[in-house]
Amino acid sequence: MAHIVVVGNEKGGAGKSTVSMHVATALARMGHQISALDLDLRQKTFGRYIDNRQKFIEKSGLDLPSPHYHDLPEVDQSSLNPGENVYDRRLSEAVAQLEPGSDFIVIDCPGSHTRLSQVAHSLADTLITPLNDSFVDFDLLAHVDANATKVLKPSVYSEMVWNARQLRAQAGLKPIDWIVVRNRMGAQQMVNKQKMGAALENLAKRIGFRIAPGFNERVIFRELFPRGLTLLDLKDVGVKQLNISNVAARQELRDLLKALKLPGVEVTF
């Protein structure tokens with residue numbers, strides 16, 4: 001039975017595809033069979049990232065461990081049951097097809113509320129929510145008071161995760177392990193950073209998620225995408241000496257993977 005990792009956040013620009021690609025590729029490098037789905041059917045950043053990787057591998061002749069990307073299968077409308085949603089069927093068929101040959105299925109969700117994203121969250125064994133270190137992004141999880149010191153109530157995305165948890169409970173499935181990943185944090189101990197940390201700790205206790213460190217803002221991530229590479233591929237493509245920023249970014253990835261506590265995964269890099 002494959003372990004399903006869903007990367008979701010209804011706000012764009014939080015680094016979902018970067019996190020999806022680095023987690024999926026790191027797991028592949030550790031010897032796991034990884035299948036990948038991109039539910040942003042319009043933009044497909046995660047899918048394009050993996051496609052860029054395959055093209056680079058073919059051109060360079062390098063053998064880089066990689067996730068296996070799959071499009072959602074097309075479904076004949078006439079085959080649907082009365083009241084059945086076509087997107088529900090497409091996603092369920094994709095997962096059913098991939099589970100027997102996969103250790104992990106990594107699903108990247110769009111930065112908006114869609115039916116596919118909603119269903120994917122109910123399938124998640126592990127849910128990763130990248131979050132920029134900003135109260136603009138925090139507002140998706142919960143509303144805070146004017147001083148950003150008191151959490152008033154959960155917001156729309158948290159409510160969707162709650163509904164997904166309810167569906168899993170009704171189906172007798174194990175609870176979602178929800179991890180909120182703090183992305184693009186500044187190095188300095190700014191007041192906003194401290195307030196964000198306190199607000200997240202408060203909310204985590206109220207609605208039940210774990211907090212993990214993510215990636216700082218680094219130019220390297222924008223440079224890797226066109227070739228489909230990740231931080232773990234740099235030495236394989238001829239980078240003999242990593243600079244301080246790259247070394248720090250690898251450590252951030254290592255810390256993230258350890259924090260996820262995925263079953264059967266021993267972080268070895």
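Two strands count as paired if DSSP finds at least two bridges between them. Keep that rule handy for the exercises below, and remember that the model you're looking at is predicted.

**Exercise 1. Find your way across the sheet**

Task: Work out what the order of the strands is in the open sheet and which strands stand at its edges.

Solution:
- Step 1. Lay out the sheet. It's an open sheet of seven strands, and the order is β3-β2-β4-β1-β5-β8-β9, with parallel pairing.
- Step 2. Look at the ends of that order. β3 (68-69) and β9 (210-213) stand at the edges, each with a single partner strand.
- Step 3. Draw the conclusion. Because each has just a single partner, one side of β3 and one side of β9 are left without a neighbour in the sheet.

**Exercise 2. Follow β1 and its partners**

Task: Find how many bridges join β1 to β4 and how many join β1 to β5, then pick out some residue partners.

Solution:
- Step 1. Start with β4. β1 and β4 pair in the parallel sense over five bridges, and Val-7 has Asp-108 in β4 as its bridge partner.
- Step 2. Now turn to β5. Here β1 pairs in the parallel sense over three bridges. Val-5 stands opposite Thr-126 in β5, while Val-6 has Leu-127 in β5 as its bridge partner.
- Step 3. Check the two faces of β1. His-3, Val-5 and Val-7 point one way, Ile-4 and Val-6 point the other way, and all are buried.
- Step 4. Put it together. Five of the five residues of β1 are buried, so β1 is largely enclosed by the rest of the structure.

**Exercise 3. Do the same for β5**

Task: Say how many bridges join β5 to β8, and decide whether the residues of β5 are buried or exposed.

Solution:
- Step 1. Count the bridges. Seven of them join strand β5 (residues 126-132) to β8, and the two strands run parallel.
- Step 2. Spot some partners. Leu-127 stands opposite Trp-178 in β8, and Asn-132 has Asn-183 in β8 as its bridge partner.
- Step 3. Sort the side chains. Thr-126, Ile-128, Pro-130 and Asn-132 go one way; Leu-127, Thr-129 and Leu-131 go the other way; all are buried.
- Step 4. Finish up. Seven of the seven residues of β5 are buried, so β5 is largely enclosed by the rest of the structure.
- Step 5. See what lies across β5. Helix α7 (residues 191-207) lies across β5, β8 and β9, running at about 175 degrees to β8. α9 also lies across β5, β8 and β9, and runs at about 160 degrees to β9.

**Exercise 4. Describe how α1 and α9 pack**

Task: Find the angle and the distance between the axes of α1 and α9, and say which residues meet.

Solution:
- Step 1. Know what to look for. Two packed helices are described by the angle between their axes and the distance between the axes.
- Step 2. Read off the values. Helix α1 (residues 16-29) packs with α9 at an angle of about 75 degrees, and their axes are 11 Å apart.
- Step 3. Classify the angle. Angles from 65 to 115 degrees count as roughly perpendicular, so α1 is roughly perpendicular to α9.
- Step 4. List the contact. From α1 you have Val-19, His-22, Val-23 and Ala-26; they meet Leu-253, Leu-256, Leu-257 and Leu-260 of α9. These residues divide into seven nonpolar, one polar and no charged.

**Exercise 5. Explore the largest nonpolar core**

Task: Name which residues touch the most other members of the largest nonpolar core, and say which element gives the most to this core.

Solution:
- Step 1. Find the best-connected members. Among the 43 residues of the largest nonpolar core, Leu-27, Leu-257 and Leu-260 touch the most other members.
- Step 2. Find the main contributor. α1 gives the most to this core, with seven residues.
- Step 3. Zoom in on one member. Leucine 257's contacts beyond four places in sequence include Val-23, Ala-26 and Phe-269.

**Exercise 6. Place Arg-227**

Task: Decide where Arg-227 sits and whether Arg-227 is buried, partly exposed or exposed.

Solution:
- Step 1. Locate the residue. Arg-227 is in the loop between α8 (219-224) and α9 (244-260).
- Step 2. Apply the cut-offs. Partly exposed falls between 20% and 50%, and Arg-227 counts as partly exposed because its relative accessibility is 38%.
- Step 3. Check the contacts. Leaving out residues up to four places away in sequence, Arg-227 touches Asn-52, Arg-53 and Phe-56.

Terms used: Residues are numbered from 1 along each chain as its sequence is written. This is a predicted model: local features need pLDDT of at least 70, side-chain atom pairs count only at pLDDT 80 or more; totals for chains, interfaces and linings use all residues. Side-chain values use heavy atoms; hydrogens and water are left out. Helices (H or I, at least four residues) and strands (E, at least two) are DSSP runs, numbered from the N terminus. Buried means under 20% relative accessible area, exposed over 50%, partly exposed in between (1.4 Å probe, protein chains only). Contact means heavy atoms within 4.5 Å. Axes are lines fitted to C-alpha atoms, for helices over the stretch in contact, and angles run from 0 to 180 degrees between N-to-C directions. Angles under 35 degrees count as roughly parallel, over 145 as roughly antiparallel, 65 to 115 as roughly perpendicular and the rest as oblique. Ala, Val, Leu, Ile, Met, Phe, Trp, Tyr, Cys and Pro count as nonpolar, Asp, Glu, Lys and Arg as charged, and the others, Gly among them, as polar. A nonpolar core is a set of buried Ala, Val, Leu, Ile, Met, Phe, Trp, Tyr and Cys residues joined through side-chain atoms within 4.5 Å.
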